[in-house]
Structure formats: structure tokens, C-alpha cells
Amino acid sequence: MSEDDLPYQIRVTPAGDLKTIGRFDFDGQLKSTMIAHPKLDPVSGEMFAISYDVIQKPYLKYFKFSPEGEKSPDVEIPLPQPTMMHDFAITEKFVVIPDQQVVFKLPEMIRGGSPVIYDKNKISRFGILPKNATGAGDIKWIEAPDCFCFHLWNAWEEPETNEVVVIGSCMTPPDSIFNECEENLKSVLSEIRLNLTTGKSTRRPIIPETEQVNLEAGMVNRNRLGRKTQFAYLALAEPWPKVSGFAKVDLSTGEIRKYIYGEQRYGGEPLFLPREGAEAEDDGHILAFVHDEKEWKSELQIVNAITLKLEASVKLPSRVPYGFHGTFIGSKGLQKQTW
């Protein structure tokens with residue numbers, strides 16, 4: 001999946017290989033690109049997505065799919081200029097759409113530059129839109145100055161204060177992953193509160209400044225997506241851009257527990273797999289690809305998410321590239337795929 005195209009459908013063959021079927025348009029229903037991170041509601045089974053265009057209006061559209069794959073009509077969301085949106089978030093009632101300071105200016109390509117630039121004059125904001133909205137009139141925009149999150153890990157509602165809480169990694173400089181930058185990139189795990197009554201926002205780093213590390217690529221327990229979660233499992237991007245391990249972060253206290261792969265061993269994003277029938281949010285395992293640069297060997301590590309102890313490893317016949325951004329499919333999922 002990539003936000004500049006339709007999704008691509010692949011299948012796993014009986015031999016374990018991957019075969020590309022082709023672009024997937026949901027039986028002709030999807031006629032535009034789709035964001036790389038659609039959200040699957042764990043309760044309703046609906047899938048939510050957005051699509052942006054960098055050339056013509058409308059620059060942004062929102063839509064959803066029923067559990068049976070039926071697409072809703074597009075909701076066209078007016079934007080003054082095309083904006084880079086790699087991710088968004090959902091809560092029980094809303095979708096949370098970031099309209100941030102990284103924008104597209106295609107004429108920059110003619111001058112030999114990147115079309116993705118940081119607009120210092122723009123004020124970042126988040127749009128709160130009801131999931132069942134049929135028009136953009138219901139969206140509420142709340143400004144969040146100097147905030148750029150490439151990924152949003154989760155969001156939820158807090159009715160007592162009428163706030164939407166967003167958990168994301170705020171990057172500075174915002175355009176450093178798109179353009180050459182002499183500054184050191186920082187990716188700070190942050191809690192952003194959007195008050196629906198006052199229209200104001202607040203932002204705070206979740207981890208104390210004395211323990212601050214770059215956290216990028218990861219997830220929460222997907223069985224609780226859109227609901228208040230206690231933990232997030234994120235890659236330790238240290239030394240940037242290599243990943244030396246992962247962190248389990250308590251989002252309420254800021255406590256961080258690290259799992260380090262070892263000397264000259266690096267990996268990619270961690271995936272949290274809840275144990276079947278688990279009641280505790282962190283009852284499950286964390287899966288991560290690890291490569292030993294000294295021995296030039298790779299493995300899949302399976303770590304207990306509660307104790308952070310290695311429970312098993314699977315030796316791999318070839319290396320999985322750093323930065324691989326994907327998922328795991330279980331046996332039940334394979335049984336459901338269309339052959």
C-alpha cells in the first residue's frame with residue numbers, strides 16, 4: 001500500500017511465496033488512491049480510509065468500507081492546498097485527520113528540488129469528523145501549532161473533558177525524512193489533546209526529557225484501536241536511522257522499558273500480537289526482524305510482551321531490509337484469502 005496509488009493485492013502460495021494479483025479497487029468501487037494506513041475498527045469491523053490528490057481539487061476525500069467490503073460515498077474535505085498525509089487515526093465515534101505543515105508544491109520539481117516541502121507559514125491542525133459523516137460540514141478543525149506526526153499510533157475520546165486524545169510521534173525538523181537536513185532528527189512520542197468545546201489543543205511529551213529517545217514505527221494492541229490504551233510498542237530509532245531495539249511505553253505514566261537487540265544487531269518495526277483470549281492489554285508477544293551485521297545472519301525474534309524476555313527465534317534464509325513496513329498474517333487469515 002502507498003498513498004499515491006490503489007492498494008495492491010497479493011496472495012501467499014502453498015509454497016510460501018508471494019504472488020502479486022494486481023491493483024485492488026474493491027470490485028470497481030475505489031476510483032482514487034488510498035492512504036497507506038487505513039484503520040480497521042476492532043468492534044464494528046469497518047475499515048476507514050482517506051485519499052489525497054496533489055494536482056486537482058478536492059485535495060482530500062474520506063470514505064469507509066463495511067465489513068462486507070461495500071464502500072461509502074466520498075466525503076470531499078476542502079483544503080486550500082495539497083498536504084502530505086501518511087497516516088490518520090480513529091476513535092469510537094470520529095476520524096482524526098492531520099493537516100500539517102508538510103505540503104506539496106510541484107513547481108519545486110522544475111527547479112530541481114523536492115515537491116514535498118515544509119511550509120513555515122502554515123499552522124498545523126487536526127480535523128475531527130464523525131465516522132458516519134456524509135458531508136464535510138460536520139468537521140471541526142483544531143489548531144496544533146508546530147506539530148508534525150508522520151504516524152499516529154492511536155486516538156480515543158475522553159467524554160469527561162470533551163477531548164479527543166491523539167498519540168503520535170512528533171518529528172522535528174518536519175521535512176527531514178523528505179529532504180536533506182543538517183539538523184539531527186528528533187521523533188518525540190507525544191500526547192495531543194484536542195478540546196471539542198474550546199477548540200484549543202495541548203501537547204506534551206509522554207517520556208521524561210531525561211529518558212527521551214527517538215521512537216518511530218510500531219503500534220498499540222489493534223484489538224483496542226480507537227479506545228484508550230495503556231501501552232505502545234515502538235522502534236528505538238537509535239542511532240538514527242537504524243533501529244537498535246524496541247520500547248514498551250506506558251502512555252499514562254511515561255515509563256519506558258527497552259528491549260535491545262545487541263551489539264551490531266539492528267531491526268525494524270515491532271509488531272504486537274495479542275494472545276488469543278487474552279484479557280490484559282499487554283498479554284501477547286512482540287515480533288521483530290533482527291539482523292546481525294557482524295555475522296550477517298537474520299532472524300525473527302518472538303518476545304514476551306509482559307516480561308520482555310526472548311521466548312523464541314526463527315532463523316531466516318535471507319535478510320529482511322531495515323525499514324520494512326508491513327504486517328504478519330496468521331494461519332486463520334491465510335485460510336480466508338481469495339485463491
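**From H151 outward through the predicted model**

H151 is found in strand 13, and this residue offers a convenient point of entry into what is a predicted model. With a relative accessibility of 5%, H151 counts as buried, because the cut-off for that class is under 20% relative accessible area. Setting aside the neighbours within four places in sequence, the residues in contact with H151 are H37, H86, D87, G168, S169, E216 and H325.

Three of those contacts, the histidines, recur in the annotation. An unreviewed UniProt entry places the feature "binding site" at H37, H86, H151 and H325. These four positions span 289 residues in sequence, yet no two of their C-alpha atoms are more than 12.7 Å apart, so they gather at one spot. From this set, H86, H151 and H325 take part in the lining of the second largest pocket.

The strand that carries H151 also belongs to a sheet. Strands 13, 14, 15 and 16 form an open sheet in the order 13-14-15-16, and the pairing is antiparallel. Strand 13 (149-158) and strand 16 (201-205) stand at the edges, each with a single partner strand, so one side of each is left without a neighbour in the sheet. From one strand to the next, the twist averages 25°. Within this sheet, strand 14 (residues 163-172) and strand 15 (residues 186-195) run antiparallel and are joined by 10 bridges; M171, for instance, has S187 in strand 15 as its bridge partner.

Just ahead of strand 13 in the chain lies the loop between strand 12 and strand 13, where D146 is found. Most residues other than glycine have a negative phi. D146, which is not a glycine, nevertheless has a positive phi of about 55°. Its relative accessible area of 54% makes D146 exposed, because that class begins over 50%.

On the other side of that loop, strand 12 leads into a second open sheet, whose 4 strands have the order 7-8-11-12 with antiparallel pairing. Here strand 7 (89-90) and strand 12 (140-143) stand at the edges, and each has a single partner strand, so one side of each lacks a neighbour in the sheet. Strand 8 (residues 94-99) and strand 11 (residues 125-130) run antiparallel and are joined by 6 bridges, with D99 standing opposite R125 in strand 11.

We turn next to the interior. The largest nonpolar core has 45 residues, and those with the most contacts inside it are I77, L189, L215 and V249. Not counting residues up to four places away in sequence, V249 touches L189, I206, I207, L215, Q230, F231, A232, E255 and I256, a list in which L189 and L215 appear again as residues with the most contacts inside the core.

F246 is found in strand 19 (residues 245-250), and with a relative accessible area of 1% F246 is buried. Outside the residues up to four places away in sequence, F246 touches L234, A235, L236, R257, K258, Y259, Y261, P270, I286, V303 and L308. A280, by contrast, is 34 residues from F246 in sequence and 20 Å from F246 in space, C-alpha to C-alpha.

Two residues touched by F246, V303 and L308, lead to the final group of strands. Strand 24 (297-304) and strand 25 (310-316) enclose the loop in which L308 is found. Of the 8 residues of strand 24, 6 are buried, so this strand is largely enclosed by the rest of the structure. On one hand, strand 24 pairs with strand 23 (residues 284-292) in the antiparallel sense over 8 bridges, and the bridge partner of V290 in strand 24 is E299. Strand 23 and strand 24 form a hairpin with 4 residues between them, and in that turn W296 has a positive phi of about 55°.

On the other hand, strand 24 is joined by 6 bridges to strand 25, and the two run antiparallel, with V303 standing opposite L310 in strand 25. These strands also form a hairpin, with 5 residues between them, and in the turn L308 has a positive phi of about 60°, although L308 is not a glycine. At a relative accessible area of 9%, L308 is buried, whereas D146, which also has a positive phi, is exposed.

Definitions and conventions
Residues numbered from 1 in each chain as written. Predicted model: local features only at pLDDT ≥ 70, side-chain atom pairs only at ≥ 80, totals over all residues. Heavy atoms only, no water. Core = buried A, V, L, I, M, F, W, Y, C linked by side-chain atoms within 4.5 Å. Buried < 20%, exposed > 50% of the residue type's maximum accessible area, 1.4 Å probe, protein only. Contact = heavy atoms within 4.5 Å. Pairing = 2+ DSSP bridges. Axes fitted to C-alpha atoms, helices over the stretch in contact; angles between N-to-C directions. UniProt positions renumbered as here; feature names shortened; annotations may be inferred. 1 Å grid on protein atoms, 1.4 Å probe; cavity = no way out; pocket = protein on both sides within 12 Å on 5 of 7 lines; lining within 4 Å.
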